[in-house]
Amino acid sequence: MEAEPTSGRSPAARDDPPRPAERDVAALPKAHLHLHFTGSMRHSTLVELADRHGVHLPDALVEDWPPRLRATDERGWFRFQRLYDIARSVLVTPDDLRRLLRETAQDEAAEGSRWLEIQVDPSGYAARFGGLTPTVELVLDAAREAGAAAGVGIGIVVAANRTRHPLDAKTLARLAVRYTDQGVVGFGLSNDERRGRAYDFEGAFRIARRGGLLSVPHGGELLGPASVRECVETLGADRLGHGVRAVEDPALLRSVIERGVALEVCPASNVSLGVAPTVADVPLRALYEAGARIALGADDPLLFGSRLARQYSLARTEHGFTDAELAELARHSILASAAPESLKKEVLEGIQAWLE
Ligand SMILES: [Zn+2]
């Protein structure tokens with residue numbers, strides 16, 4: 001069903017019962033399960049830190065921000081990755097990293113996010129912060145501080161880069177499981193899905209899962225069902241980063257749903273990277289109707305120009321999600337998270353209160 005426009009209602013709608021005022025999606029308690037570290041930075045902070053550290057930013061990250069991207073071909077992905085790397089290079093000191101997490105936690109709180117799982121590939125920062133282990137410890141400490149100040153629970157997902165060697169991923173998995181009692185909650189696999197098969201990372205994910213981490217690889221974004229199947233069957237995915245292309249294979253989608261694998265659907269990201277031509281083309285409604293567990297995510301607000309609450313309003317305006325359905329998405333998000341049980345209960349009650 002199409003959403004009823006909020007303005008310019010046609011005369012034919014006059015006989016319909018009056019529509020209740022729409023609730024504020026930013027006030028809906030929820031969890032945010034798909035957000036990358038540098039990608040969560042405020043644009044104003046990027047510009048300020050670049051200036052401070054003498055990093056030259058391309059126009060796409062200054063006056064032409066947010067950049068126009070398209071990753072469905074290799075060149076487009078290369079450009080996206082290059083901009084991401086430039087943005088990462090403005091994080092020079094431990095204080096920069098703490099500031100990023102502090103502001104991200106504030107922004108999450110302002111959008112109703114009560115629990116955030118933020119992904120970081122520590123190897124992208126290790127050279128600057130004294131190696132892999134000190135980087136992970138710095139991130140964990142900064143996350144604890146930022147979360148406590150903003151009133152947002154923060155879990156860290158250590159993500160391996162699928163374009164690097166699977167042995168590097170194993171090293172990261174071993175490192176990640178050492179910090180399960182200090183805030184690492186999951187193990188991910190990011191970067192270009194076309195350039196690194198999930199299959200090759202089975203060993204790393206086995207280490208992570210045995211160590212008690214959630215398996216949360218990216219899959220079903222730039223590639224279709226075969227990639228989704230590998231993530232689910234080989235990596236034992238608890239959730240899929242994106243996973244939207246599972247919709248292309250109904251039998252696979254059924255198995256994803258039966259296994260309780262949640263999909264971290266990021267509508268604005270899908271459009272920015274050309275996975276879908278428009279938000280209306282993201283198969284959010286189809287996945288929801290099929291019974292998939294869906295946690296909406298912003299992916300990289302710094303590069304795609306919108307944060308978490310916007311994804312919920314897009315579900316409303318582009319896919320006709322009612323407030324009750326938006327509340328259901330928020331429930332999915334917290335239930336698919338690694339949040340402590342007490343927080344899950346609190347958030348579920350908050351969601352109910354938002355509806356009533
Ligand atoms: Zn992502």
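A residue is called buried here if its relative accessible area is under 20%. The structure is a predicted model, and the exercises below use that cut-off where burial is at issue.

**Exercise 1. Helix α7 and the loop after it**

Task: Determine which residues of α7 are buried, what covers them, and whether Thr234 is buried or exposed.

Solution.
- Step 1. In α7, the residues under the cut-off are Pro225, Ser227, Val228, Glu230, Cys231 and Val232.
- Step 2. The cover over these buried residues includes β5, β6 and α8.
- Step 3. Thr234 belongs to the loop that links α7 (225-233) to β6.
- Step 4. The relative accessibility of Thr234 is 16%, so this residue counts as buried.
- Step 5. Setting aside residues up to four places away in sequence, Thr234 touches Tyr199, Glu202, Arg209 and Arg229.

**Exercise 2. The sheet**

Task: Give the strand order of the open sheet, name its edge strands, and state how neighbouring strands are turned against each other.

Solution.
- Step 1. The sheet has 8 strands in the order β1-β2-β3-β4-β5-β6-β7-β8, and the pairing is parallel.
- Step 2. β1 (30-36) and β8 (293-296) each pair on one side only, which makes them the edge strands.
- Step 3. On average, and with direction ignored, neighbouring strands are turned by 25 degrees against each other.
- Step 4. Helix α13 (residues 323-335) lies across β1, β2 (113-120) and β8, and runs at about 90 degrees to β8.

**Exercise 3. Strand β7 and its partners**

Task: Describe how β7 is joined to β6 and to β8, and where the side chains of β7 point.

Solution.
- Step 1. β6 (residues 239-242) and β7 (residues 262-265) run parallel and are joined by 3 bridges.
- Step 2. Across this pairing, Arg239 is opposite Ala262, and Leu240 is opposite Leu263.
- Step 3. The connection goes through helix α8 (residues 250-258): β6, α8 and β7 form a right-handed β-α-β unit.
- Step 4. The pairing of β7 with β8 is also parallel, over 4 bridges; in it, Glu264 stands opposite Ala295.
- Step 5. Ala262 and Glu264 point one way from β7, while Leu263 and Val265 point the other way. All four are buried.

**Exercise 4. The zinc site**

Task: Identify which atoms coordinate the zinc ion, classify the geometry of the site, and state which parts of the chain His36 and His218 tie together.

Solution.
- Step 1. The donors are NE2 of His34, NE2 of His36, NE2 of His218 and OD of Asp299, at 2.1 to 2.3 Å.
- Step 2. The angles among the 4 donor atoms run from 84 to 175 degrees. Four donors count as tetrahedral if all angles lie between 85 and 135 degrees. The site is classed as irregular.
- Step 3. For reference, four tetrahedral donors ideally have angles of 109.5 degrees.
- Step 4. The spacing of the donor residues in sequence is H-x1-H-x181-H-x80-D.
- Step 5. Because His36 lies in strand β1 and His218 in strand β5 (residues 214-219), this pair ties together parts that are 182 residues apart in sequence.
- Step 6. His36 and His218 are both buried. Asp299 has 3% relative accessibility and therefore counts as buried.

**Exercise 5. Backbone exceptions**

Task: Find where the cis peptide bond lies, and give the phi values of Asn191 and Asp299.

Solution.
- Step 1. Most residues other than glycine have a negative phi, and most peptide bonds are trans.
- Step 2. The bond between Trp65 and Pro66 is cis, with omega about -5 degrees. Pro66 is in the loop between α1 (43-53) and α2 (74-88).
- Step 3. Asn191 has a positive phi, near 80 degrees. This residue is in the loop between β4 (184-190) and α6 (202-210), and at 14% relative accessibility Asn191 counts as buried.
- Step 4. Asp299, the zinc donor, has a positive phi of about 70 degrees. Asp299 is in the loop between β8 and α11 (301-304).

**Exercise 6. A contact across the sequence**

Task: State where Leu343 is found and which residues Leu343 is in contact with.

Solution.
- Step 1. Leu343 is part of helix α14 (residues 341-355).
- Step 2. With 12% relative accessibility, Leu343 counts as buried.
- Step 3. Apart from neighbours within four places in sequence, the contacts of Leu343 are Arg114 and Trp115.
- Step 4. Leu343 and Arg114 are 229 residues apart along the chain, and their C-alpha atoms are separated by 8.3 Å.

Methods
Residues are numbered from 1 along each chain as its sequence is written. Side-chain values use heavy atoms; hydrogens and water are left out. Two strands pair if DSSP finds at least two bridges between them. Helices (H or I, at least four residues) and strands (E, at least two) are DSSP runs, numbered from the N terminus. Axes are lines fitted to C-alpha atoms, for helices over the stretch in contact, and angles run from 0 to 180 degrees between N-to-C directions. Contact means heavy atoms within 4.5 Å. Donors are N, O and S atoms within 2.8 Å of the metal (3.2 Å for Na, K and Ca); water is not among the atoms, so sites may look incomplete. Four donors count as tetrahedral if all angles lie between 85 and 135 degrees; four count as square planar and six as octahedral if opposite donors are over 155 degrees apart and all others between 65 and 115; anything else is irregular. Buried means under 20% relative accessible area, exposed over 50%, partly exposed in between (1.4 Å probe, protein chains only). A crossover is right-handed if, with the strands pointing away from the viewer, the path from the first strand over the helix to the second runs clockwise.
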